[in-house]
Amino acid sequence: MSSILLDFEKPLEELHEQLMKAKQIQEKGKVNVNTVIKELESKIEKTRKDLYSNLSAWQRVQLSRHPERPYTLDYINAITEGNFLELFGDRQVKDDKAMIGGFGSINGETVMFVGQQKGNNTKARQFRNFGMPNPEGYRKALRLFKLAEKFNKPIITLIDTPGAFPGLEAEERGQGEAIARNLYEMSILKVPVICIIIGEGASGGALGIGIGDKVLMLENTWYSVISPESCSSILWRNWDNKERAADALKLTSLDMSELKLIDGIISEPVGGAHSNHPEIFESVKREIIKHLAVLTKMDPEMRVQQRLEKFCSMGVYKEE
Amino acid sequence: MSWFKRIKSGITTETHEKKETPEGLWYRCPSCKSIIPSKEHSDNSWVCVKCGYHERIGSQEYFEIIFDDNTYEEINANLTSADPLEFVDTKKYHERLVESQQKTGLKDAIRTVTGTCNGLPLTVACMDFRFIGGSMGSVMGEKIARAIDYSIKHKTPFMIISKSGGARMMEAAFSLMQMAKTSAKLTQLSAAKLPYISLLTDPTTGGVTASFAMLGDLNIAEPGALIGFAGPRVVKETIGKDLPKGFQTSEFVLDHGFLDFIVVRQELKAKLAQVLAFMKN
Ligand SMILES: [Zn+2]
C-alpha cells in the first residue's frame, strides 16, 4: 500500500483513515471489529478499482512520476536477482549519473542493461540530475551498446526521463549530436534491442535510447515529443492546460499502441506499479524473456531490416 | 516519371516578399539598418553587402543559389499533413495548416528537389521557416526518406538545408518518431556510400539538431546561425544566469567540434562543388 496518495486518489484517503482507526481498536483487543475491517478493506479495493479503471491521460502522467514508483536500478536488481555488473563512463568526458548501464543475467542469459536513473530522495535526485542525461550519458549508452554488439548480447533499455538536460555544458558538448548518433547507431545494431518505458518518456531524451526491435510501455507511463506542462505553456501560454495538453498529445500507452508507434503494453497492478513492486518486476521480466526468445532466433540481418522498416513506416500524411 | 513536377525559374516564383522591403525596391538590413537596393541584395545571395548579415531565405532562394541555371525538378511535391491526432490547441491544427499553405503557397515546411551543381548531380531537401517555423512533422520525415531513396536509386549525393525550430508539436509522437525515421534512413544512404551534406542555417534547434542535421558526413553552417538542441531561453532558465556572448552560434558550434566549416552564402555553391568533387567516388 502506497503512503503517498495522488489528488485523484482522495476518495481513498478517508477510507484509509477509518481502516487505521479500526485496526488500532482491534489491537487494543477490547472490541471485535473484524467485520468492520473486512468491509473497509473491500470498500477500498472496490474504490481503487473504480478509480483505476477510468484513468485520464493526465492521471497516468501523474502515476508515471509517482515518487514510490520503481526506477531503473530497482528493475535491474530484481530481474537479475542481483547478478548485475554496473559499468561506468563514456571514455571521453565523465560518468553520467543520470544514465546507468552494465551486464546482467536474466534467466541465465547475459544481457546489457542501459537506462536513465532517477533518485528517490532529495540528495539522490540531485546526484542523478533528475534522470536528465548530458551528452556523456548518451555516449556512455552507445559505448555499452557497442560492447554488447561485440559480444553478441541482447540489449534492454529502460526509459524514464523528463528529458535530456538543457544545460550550458550539454550544449557545449553537443547534446543534439549525441542523441542523433544514438538514433543512427541503434537502428543498425546487430543484436536484439528491447526498449521499455517504465516512467516518463520525454522527447529526444527518451528516444536517444529508444530505437528497438520491440518498444514497450508500462501501462501508466507516457511517451511524447514534449511534456504536457511544456506543451501547455507553449501552445496556450500558461500551465493551466496541462490536462488538455495530455489528452491532445495522445501520450498514454493505450494511445501509442493504437497509433502503432509502440509494439506493446505491459499491464501494471491495480493502483499502479508503485503499489506492488514484486508484481511489476515479475511482469517486466516475463515480457523480456518472452520477446528475447523470439528475437534471438531471428537472422540478425533480417532483424535489423525489420527494425529499420518499422521506424521508416512511422508517419501519417496525404498524397494528392 | 509522373511524380515529377518540373519547376522552371520564374514560372512559380512568387515575388520575394519581405516586410523590410519598401515597395520591393529596397532591402533594410535588420542588423546594420542599411538600406540596400533589392536587386543588389539578391545578387549578393540575400547577404547584406554592408555587414554580412544573412537574411533568412526560403527553399526557392536556396535552390536558385545551388542549382545550375536555376533548373531543378521537385520530387514528391504533393505530400501534405493528415492531422492524425486531430490536434486542437487555441486553433485546430487542420486550420493552421490551411492558413500556412495559403499564406506561403507551400504545402509543408520542406521541399525536395534534384538537379546539378557545377555539373554534378545533387538531391536537396530544404526547409521553409515561414511554414509553421520549419517544424518537423510526418511530411518532413517522409519527404526526407523518399529523397534518400531517390539519391540511392540515382546515385546522387544528398544534402539537407535545415532551418527549423524542431518538432511539430501538433503531431506529437509522430513528430518525435520522424527523428528515428530520418536517422534510420540515413544508415541506408551511408551503406550506399553516397555523401550526405548537412547545412545548418538560422535557426536549427530541437529535434532537427538531435537527428539528421548533426549526422552529415559533413556538417556545415552559415555564419551567425543559432544552432542548438535546447533553445537559448530554456538553457538560460536552467542555469539561472545570462548566456555567454556567442553561445549557440555557428562559430560556437564549430569551436566545440561539431561542424566541419562555416560557409558564407555567396560562396556556398563553389564550396559545395568543391566538396562534391572531393567526395566523388
Ligand atoms: Zn547589414
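K193(B) lies in the loop between α5 and β9 of chain B, and it gives us a handy warm-up. Helices (H or I, at least four residues) and strands (E, at least two) are DSSP runs here, numbered from the N terminus. Before we start: this is a predicted model, where local features need pLDDT of at least 70 and side-chain atom pairs count only at pLDDT 80 or more, while totals for chains, interfaces and linings use all residues. Residues are numbered from 1 along each chain as its sequence is written, and chains are lettered from A and ligands numbered from 1 in the order in which they are written.

**Exercise 1: odd backbone spots**

Task: Find out whether K193(B) is buried or exposed, do the same for K250(A), and then look at the peptide bond that joins D202(B) and P203(B).

Solution:
- Start with the background: most residues other than glycine have a negative phi, and most peptide bonds are trans.
- K193(B) isn't a glycine, yet its phi is positive, at about 55 degrees.
- Now count neighbours. A residue is buried if 20 or more other C-beta atoms lie within 10 Å of its own, exposed if 12 or fewer, and partly exposed in between, with C-beta atoms placed from the backbone. K193(B) has 9 other C-beta atoms within 10 Å, so it is exposed.
- K250(A) is another non-glycine with a positive phi, about 50 degrees. You'll find K250(A) in the loop between α11 and α12 (253-258) of chain A. With 22 other C-beta atoms within 10 Å, K250(A) is buried.
- Last, the bond between D202(B) and P203(B) is cis, with omega at about -10 degrees. P203(B) belongs to strand β9 (residues 196-204) of chain B.

**Exercise 2: overall build of each chain**

Task: Check the radius of gyration of chain A and of chain B against the globule rule.

Solution:
- The radius of gyration is taken over C-alpha atoms, and the rule is 2.2 Å times the number of residues to the power 0.38.
- Chain A carries 14 helices and 9 strands. For its 320 residues the rule gives 20 Å, and the radius of gyration is 21 Å, so chain A is as compact as a globular protein of that length.
- Chain B, with 8 helices and 11 strands, has 281 residues; a compact globule would come in near 19 Å, and chain B has 18 Å, which agrees.
- Along the principal axes, the C-alpha boxes are roughly 70 × 50 × 40 Å for chain A and roughly 45 × 45 × 40 Å for chain B.
- Buried residues make up 48% of chain A, and in chain B 48% count as buried.

**Exercise 3: a strand and its two partners**

Task: Say which strands pair with β3 (residues 109-116) of chain A, and in what sense.

Solution:
- Two strands pair if DSSP finds at least two bridges between them.
- β2 (residues 99-106) of chain A pairs with β3(A) antiparallel, over 8 bridges. Here I100(A) stands opposite G115(A).
- The hairpin of β2(A) and β3(A) has 2 residues between the strands, and N107(A) in it takes a positive phi near 55 degrees.
- β4 (residues 155-161) of chain A pairs with β3(A) in the parallel sense over 4 bridges, and G115(A) stands opposite L158(A) there.
- Finally, 6 of the 8 residues of β3(A) are buried, so the strand is largely enclosed by the rest of the structure.

**Exercise 4: where the chains meet**

Task: Work out how many residues of chain B are in contact with chain A, and which element gives the largest share.

Solution:
- Residues are in contact if their C-beta atoms, placed from the backbone, lie within 7 Å. By that test, 49 residues of chain B touch 45 residues of chain A.
- On the chain B side, the elements giving two or more residues are β5 (79-81), α4 (138-154), α5 (172-191) and α6 (232-239).
- The largest share, 15 residues, comes from α5(B).
- Sort that side by class: Ala, Val, Leu, Ile, Met, Phe, Trp, Tyr, Cys and Pro count as nonpolar, Asp, Glu, Lys and Arg as charged, and the others, Gly among them, as polar. You get 28 nonpolar, 17 polar and 4 charged residues.
- Strands pair across the chains as well: β9 (residues 317-319) of chain A runs antiparallel to β5(B), joined by 3 bridges. In that pairing, Y317(A) has S81(B) as its bridge partner.

Key. Contact = placed C-beta atoms within 7 Å.
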